[in-house]
Amino acid sequence: MIEAIRPGAETVDLLDQRLLPDRVEYVRCRRAEDVVALIQALAVRGAPLIGIAGLYAWWLEARALRDQAAGWETLMAAKETIARARPTAVNLRWALDRAAARVVGLTGPDLAAAIRREADLLAQEERARSHAMAVRGASLLGRGSRVLTHCNTGSLATAGVGTALGVIREGYRTGAVSRVWVDETRPLLQGARLTAWELLQDGIPATLITDSMAGFLMARGEVDAVVVGADRIAANGDTANKIGTYALAVLAHHHRIPFYVVAPMSTLDLARDAGSDIPIEERDGSEVRTVRGVAVAPLAVEAYNPAFDVTPGSLITAIVTDRGLAYPPYRETLAQLQQSSANGGNADDAGY
Ligand code: MRU
């Protein structure tokens, strides 16, 4: 399995996903600003991964400042800059806030060391969460399912086997998945460049389609389930994920195909009441006008580029988390999972 992040003793190496699938190259980061630039450029992406990368970025900053009397306030300002690198995936701010609450009161080298421990711990936790989701999610799929997925939710988006792609990997291993339809995921082609690449490496039968082909395949009865990841899930189950996810959910609903969202507890944001409260990142129109640097439209044309959309909880069959499965009504079942997670007890599947 490819490692998207390689922390060293003094630096952090991040895989530059913009170059995939052509080249595997890591960029060495020495300061937080190096990591922030990579996150903003989507060289490093995927909700759980940007949470981990953001925390290592904060460690780099604490390390650089450890011998100065710069203090907590400077580090809190750096933390805010990192948290703003991308607005939709809640994992980034969540990871930084959790670490800050745990290291407050420390200074100098002790503070830097404590943040590093938090970053290592988070990477380890997210790996374990991926595994737990994979097993739970695969159990939902009937034998030999043909599964459609969107964007990239694998090892390149997490620290482990992935969210939706983790479920697919485990499902293939157990016989629950026989084929994967891979949405190319315009504008930045995370499906075509990254998911197709990960599936090929695993030897899982995968067929690449353009985003507009999903409805045709569903109408023909060639899709048994849709499995996607999430960047932020509100209290009522409304889910922000890569642009195009909502259209897939509507199609799946029309064709009575189960639609599963797979996300770790670190992607839940129950403080947001509904999807309308989730900030949606808008990116530059040049990403729509071009494909990997090649113009596919007049460069003067106006282009709109929301990076995410919101799928209403009412269109989601189940939400697979590392703590258990949630079914509607999500306002109750997600709160139940969150509670069990906070208590540290065993999570049971919520709902019915
Ligand atoms: O813009 P990206 O590539 O960071 O978007 C990624 C997604 O939308 C994923 O589906 C999401 O982060 C969940 S994956 C673990």
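The exercises below cover the ligand site and some backbone features of a predicted model.

Residues are numbered from 1 along each chain as its sequence is written, and side-chain values use heavy atoms, without hydrogens or water. Local features need pLDDT of at least 70, side-chain atom pairs count only at pLDDT 80 or more, and totals for chains, interfaces and linings use all residues.

**Exercise 1.** Find how many residues surround the ligand, and sort them by class.

*Solution.* Step 1: count residues with a heavy atom within 4 Å of the ligand. There are 19. Among the closest are Arg45, Arg86 and Asn241. Step 2: sort them. The shell has 7 nonpolar, 8 polar and 4 charged residues. Here Asp, Glu, Lys and Arg are charged; Ala, Val, Leu, Ile, Met, Phe, Trp, Tyr, Cys and Pro are nonpolar; the others, Gly among them, are polar. Step 3: trace their origin. Helix H2 (47-64) and strand S9 (239-242) each give at least two shell residues. Helices (H or I, at least four residues) and strands (E, at least two) are DSSP runs, numbered from the N terminus. Domain 1 (5-129) and domain 2 (132-350) each contribute at least three; the bounds come from an automatic or database domain assignment.

**Exercise 2.** List side-chain polar contacts to ligand oxygen atoms, then state how much of the ligand is covered.

*Solution.* Step 1: search for pairs of N or O atoms within 3.5 Å. Lysine 242 places a polar side-chain atom 2.7 Å from a ligand oxygen. For aspartate 231 the distance is 2.9 Å. Glutamine 190 has a side-chain N or O atom 2.9 Å from a ligand oxygen. Step 2: compute cover. The protein covers 99% of the 410 Å² of accessible area that the ligand has on its own, by the Shrake-Rupley method with a 1.4 Å probe.

**Exercise 3.** Locate two cis peptide bonds and a positive phi.

*Solution.* Step 1: check omega. Leucine 20 and proline 21 are joined in cis, at about 5°. Proline 21 sits in the loop between strands S2 (12-15) and S3 (26-29). Arginine 186 and proline 187 are also joined in cis, at about 10°. Proline 187 lies between strand S5 (177-183) and helix H7 (190-202), in the loop. Step 2: check phi. Threonine 185, in the loop between S5 and H7, has a positive phi near 70°.

How values were computed
Polar contact = N/O pair within 3.5 Å; in protein donor to acceptor, adjacent residues only side chain to side chain.
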